[in-house]
Amino acid sequence: LAEQAKRTSPAESARLLAEAAGALRGALEVLKKDTQPALWADAQQSLGITLSLQGRRASGPESARLLGAAASAFRSSLEVLTKDAQPQTWAMAQFQLGGALSTQAEWTAGEDSARLTAEAVVAFRRVQEVWTKNAEPHQWAMVQAAISGLLRQLAAESIGSQQAGGF
């Protein structure tokens with residue numbers, strides 16, 4: 001449903017994504033972390049991706065809410081996924097978490113925005129523990145660019161708050 005939503009009208013896309021999220025939530029009522037950890041983590045990942053797509057299509061507080069829920073789903077998947085056992089899947093979950101947090105920060109103001117941006121930087125830096133410059137140069141460069149943009153954003157917010165405070 002999430003894939004089909006990418007190719008349809010905005011209204012139909014929203015309907016399909018909501019249906020996909022509902023289906024995944026239903027699956028998560030049955031799948032349990034302690035008895036089916038891999039399936040549970042996959043479902044959390046899929047829910048995070050679906051909520052991220054919804055959040056990127058929404059605006060304002062609704063976007064921030066959906067992206068926060070996406071980040072929560074990615075964090076949940078990371079309760080099972082480990083860098084040692086599934087390095088690429090773990091890195092992708094960290095990457096998706098960083099993306100959800102950075103986009104959520106765009107729809108959030110003040111200290112919350114700065115906190116979310118800083119959390120996104122941490123997630124992206126974790127990605128680079130697996131996607132190294134030597135092993136995955138293109139992915140590494142993409143993540144470097146994301147980190148750079150987020151750090152510039154944090155610096156600009158810091159300068160702006162200092163100027164507003166009379167410094």
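**Entry 1: the chain as a whole**

I began with burial, and I find that 40% of the 167 residues in the protein chain are buried. I note at the outset that this is a predicted model, and I read every value below as computed from that model. For the secondary structure I count seven helices and zero strands in the protein chain, and reading along the sequence I get the pattern α-α-α-α-α-α-α.

I then looked up the overall dimensions. The C-alpha trace of the protein chain spans about 55 × 40 × 30 Å along its principal axes. The radius of gyration is 17 Å, which agrees with the value near 15 Å for a compact globule of 167 residues. For the accessible surface of the protein chain I have about 9,000 Å², with 56% of it belonging to carbon and sulfur atoms. Among contacts with a separation of 6 or more, 57% join residues that are 24 or more positions apart.

**Entry 2: the nonpolar core**

Which residues have the most contacts inside the largest nonpolar core? I find Leu47 and Leu97, in a core of 36 residues. The elements that give two or more residues to this core are helix H2 (10-30), helix H3 (37-57), helix H4 (60-77), H5, H6 and H7. H5 gives the most, with seven residues.

I followed Leu97 further and, leaving aside its neighbours within four places in sequence, I list its contacts as Ala71, Phe74, Arg75, Leu78 and Ala123.

**Entry 3: helix H5**

Since H5 gives the most residues to the core, I looked at this helix separately. Helix H5 runs over residues 87-106, and its 20 residues reach 29 Å from the first C-alpha to the last, close to the 28 Å expected at 1.5 Å a residue. Is H5 largely enclosed by the rest of the structure or largely open? I find 14 of its 20 residues buried, so H5 is largely enclosed by the rest of the structure.

**Entry 4: the aromatic residues**

I searched for aromatic pairs and found two in the structure. In one of them, Phe95 and Phe124 have their ring centres 5.7 Å apart and their planes at 55°, which I record as tilted. Phe95 belongs to helix H5 and Phe124 to helix H6 (residues 110-127), so this pair ties together parts that are 29 residues apart in sequence.

I checked how accessible these two residues are. Phe95 has 23% relative accessibility and therefore counts as partly exposed, the cut-off for buried being under 20%, whereas Phe124, at 4%, counts as buried.

The other pair joins Phe95 and Trp131, whose ring centres are 5.5 Å apart with the planes at 45°, so I record this pair as tilted too. Trp131 sits in the loop between H6 and helix H7 (137-164) while Phe95 lies in helix H5, so the pair ties together parts that are 36 residues apart in sequence. Trp131, at 4% relative accessibility, counts as buried. I therefore enter Phe95, Phe124 and Trp131 as one aromatic cluster.

**Entry 5: buried polar residues in H3 and H6**

I next looked up three polar side chains, beginning with Gln45, which has its place in helix H3. Gln45 has a relative accessible area of 9% and is buried. Without its neighbours within four places in sequence, the contacts of Gln45 are Phe74, Ser77, Leu81, Ala93 and Gln96.

Ser52 is also placed in helix H3, and with a relative accessible area of 4% this serine is buried. Not counting residues up to four places away in sequence, Ser52 touches Leu67, Ala70, Phe74 and Ala100. Phe74 thus appears in my contact lists for Leu97, for Gln45 and for Ser52. I also looked up one C-alpha distance from Ser52: Gln104 is 52 residues away along the chain, and the two C-alpha atoms are separated by 9.3 Å.

Where does Ser113 lie, and is it buried or exposed? I place Ser113 in helix H6, and at 4% relative accessibility it counts as buried. Once neighbours within four places in sequence are left aside, Ser113 is in contact with Ala105, Thr108, Gln153 and Glu157.

Conventions: Residues numbered from 1 in each chain as written. Predicted model: local features only at pLDDT ≥ 70, side-chain atom pairs only at ≥ 80, totals over all residues. Heavy atoms only, no water. Helix = DSSP H or I, 4+ residues; strand = E, 2+ residues; numbered from the N terminus. Expected span 1.5 Å × (residues − 1). Buried < 20%, exposed > 50% of the residue type's maximum accessible area, 1.4 Å probe, protein only. Phe/Tyr/Trp six-rings, centres within 6.5 Å; stacked < 30°, edge-to-face > 60°. Rg over C-alpha atoms; globule rule 2.2 N^0.38 Å. Contact = heavy atoms within 4.5 Å. Areas by Shrake-Rupley, 256 points an atom, 1.4 Å probe, with all protein chains shown as cover. Core = buried A, V, L, I, M, F, W, Y, C linked by side-chain atoms within 4.5 Å.
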